[in-house]
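Trainee: I am new to this structure and would like to look closely at a single part before moving outwards. Could you take me through one sheet slowly, and then set it beside what surrounds it?

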Amino acid sequence: MNTRSMFASLFVTWTMLGTAACSGPSQADTGGEAAGSTKELWRVTTGLAQPESAYYHAPSQTIYVSNVNGTPIEKDGNGYISKLKTDGTVVDLQWVTGLDAPKGLRAHGSTLWVADIDQVVSIDIETGKITKRIPVEGATFLNDIATADDGTVYVADTLGNKIYRVQDGQVAEFAQEVDLESPNGLLVDGDRLLVGAWGPNPSPLDFSTEVPGRFYWLDLKSGAKTLITKEPLGNLDGVELDGSGGYLLTDFRKGQVLRVDAEGRSTVVLDIETMGAADHAYLPGEQLLVLPHMIDGYVLGLRVEAPHRG
Ligand SMILES: [Ca+2]
Ligand SMILES: [Ca+2]
C-alpha cells in the first residue's frame with residue numbers, strides 16, 4: 001500500500017469511528033463552561049460531509065464551507081461547497097459541486113479560490129460557476145489557501161511540505177529555502193504570510209507527528225521565516241486574526257481552538273476533545289467563530305470573546 005492509500009484508508013477509519021462514537025453531538029459537548037469565554041450559538045449537523053474549511057466573505061455576508069466528502073486525497077468528483085448565514089441558517093448545501101476533496105477557501109474580489117488536492121480552483125461568487133482549474137504539478141495534499149491584496153494566491157501542500165504561489169495563472173514554489181514543517185493553515189496579514197504548521201514528517205499510519213508544528217510567518221517578498229511560537233504548538237490547521245492583535249488557531253488532532261498572542265504565548269480557548277477541529281473562520285466584530293469538525297461532520301457557531309488585555 002502506498003502512502004496515499006494509507007492516508008486514504010486511515011481517514012475512512014477515523015470518519016467511521018467518529019460517527020460511531022458521536023451519533024448525536026449535543027449542546028453539552030461544548031456548551032457554556034468551556035474556557036469561560038466561549039459559548040455555542042448554533043450547530044449544523046446535517047448535509048455536511050467531512051467539512052474542512054469555513055470562510056466568511058464579508059461582501060456577500062456568507063460563510064462558505066468546503067466539504068471533502070470522503071477521503072482527503074481521493075479524486076472522486078463528489079466534493080462540494082455549502083453556503084451558510086452567520087446565524088447558522090443553511091442557504092445552499094451544494095452551492096458548487098464537481099470538486100474532489102476541497103479544503104482551504106479564500107476570496108479575492110468576486111473570485112473564491114479553493115484548494116483541491118493538486119489543483120487550485122476559482123469560482124465566480126456571483127454565479128457559483130467554476131471558472132478555472134489550475135494544476136499544481138507535484139502537489140499531493142493542497143490544504144489551506146490565502147490571497148494577498150494584489151490577487152496573488154498562496155497554497156500549502158501539507159504532505160509535500162511546500163507552499164506554492166499562483167500569480168496570473170502561473171504556479172511557482174515559494175519559500176523553498178526554509179523548513180516549512182508541513183504547512184497547513186495560511187493567512188496573508190499585510191506583508192506577511194502566517195503559517196500554521198502540522199509538524200514535520202507526519203506518520204503515514206495516523207498523521208501523528210513526533211514534533212508538532214509551530215506557528216510562524218514568512219516574509220512575502222523574501223520568504224524568510226520568523227517564528228511566532230518558539231516551541232512546537234500543535235497539529236495546526238486554521239489560522240485567523242483575533243481582532244485584538246493576536247490569533248486564533250486550531251489543533252486538528254487534539255480538537256482544540258487556541259489563542260496565540262503577539263508574543264507567541266498560547267492558551268486553550270475551547271477543547272472539543274475529539275480529533276477533527278479543522279479550518280475555522282472568525283468574525284471579530286461579532287465575536288463569532290465558525291468551526292468545521294471534519295471527522296464528526298458538523299459545523300459549530302461559537303461566541304468567542306476578545307481577550308481582556310492590559
Ligand atoms: Ca471527495
Ligand atoms: Ca486545513
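In what order do the four strands of the open sheet that holds β1 stand, and is their pairing parallel or antiparallel?

Mentor: Please keep in mind from the start that this is a predicted model. The four strands of that open sheet come in the order β1-β24-β23-β22, and their pairing is antiparallel. At its edges stand β1, covering residues 38-44, and β22, covering residues 281-283, each of which pairs on one side only. On average, neighbouring strands here are turned by 20° against each other when direction is ignored. As for what holds such an arrangement together, strands of a sheet pair through backbone hydrogen bonds, either parallel or antiparallel. Between β1 and strand β24, which spans residues 298-304, six bridges are found in the antiparallel sense, and you can pick out one place on this pairing by looking for Glu40, which stands opposite Leu302 in β24.

To see what this sheet belongs to, it helps to step back to the whole chain, which has one helix and 24 strands. Of its 310 residues, buried ones make up 50%, and among contacts with a separation of 6 or more, 47% join residues that are 24 or more positions apart.

A second open sheet of four strands can be followed in the same careful way, for it has the order β14-β15-β16-β17, again with antiparallel pairing. Its edges are β14 (183-189) and β17 (225-227), and because each has a single partner strand, one side of each is left without a neighbour in the sheet. Here the average turn between neighbouring strands, with direction ignored, is 30°. Going across the sheet, β14 and β15 (residues 192-197) are paired antiparallel over six bridges, with Pro183 standing opposite Ala197 in β15. The next pair, β15 and β16, is antiparallel over five bridges, and in it Gly196 has Phe215 of β16 as its bridge partner. Three bridges then join β16 to β17, which also run antiparallel, and Tyr216 stands opposite Leu227 in β17. The hairpin of β16 and β17 has five residues between the strands, and within this hairpin Gly223 takes a positive phi near 80°. Four of the five residues of β16 (residues 215-219) are buried, so this strand is largely enclosed by the rest of the structure.

Several residues in and around this second sheet also appear in the interior. In soluble globular proteins, nonpolar side chains tend to be buried together. The largest nonpolar core of this chain has 85 residues, and the members that touch the most others are Ile145, Tyr154, Val155, Leu186 and Leu193. If neighbours within four places in sequence are left aside, Tyr154 is in contact with Ile145, Ala146, Ile163, Arg165, Phe174, Leu186, Val188 and Leu193.

A last residue to find is Thr147, which lies in strand β10 (residues 142-147). Thr147 counts as buried because 20 C-beta neighbours lie inside 10 Å. Although Thr147 and Leu186 are 39 residues apart along the chain, their C-alpha atoms are separated by 9.1 Å. Not counting residues up to four places away in sequence, Thr147 touches Arg106, Ala107, His108, Trp113, Val153 and Val188, and Val188 is also one of the residues in contact with Tyr154.

Definitions and conventions: Residues numbered from 1 in each chain as written. Chains lettered and ligands numbered in written order. Predicted model: local features only at pLDDT ≥ 70, side-chain atom pairs only at ≥ 80, totals over all residues. Core = buried A, V, L, I, M, F, W, Y, C linked by C-beta atoms within 7 Å. Buried ≥ 20, exposed ≤ 12 C-beta atoms within 10 Å, placed from the backbone. Contact = placed C-beta atoms within 7 Å. Pairing = 2+ DSSP bridges. Helix = DSSP H or I, 4+ residues; strand = E, 2+ residues; numbered from the N terminus. Axes fitted to C-alpha atoms, helices over the stretch in contact; angles between N-to-C directions.
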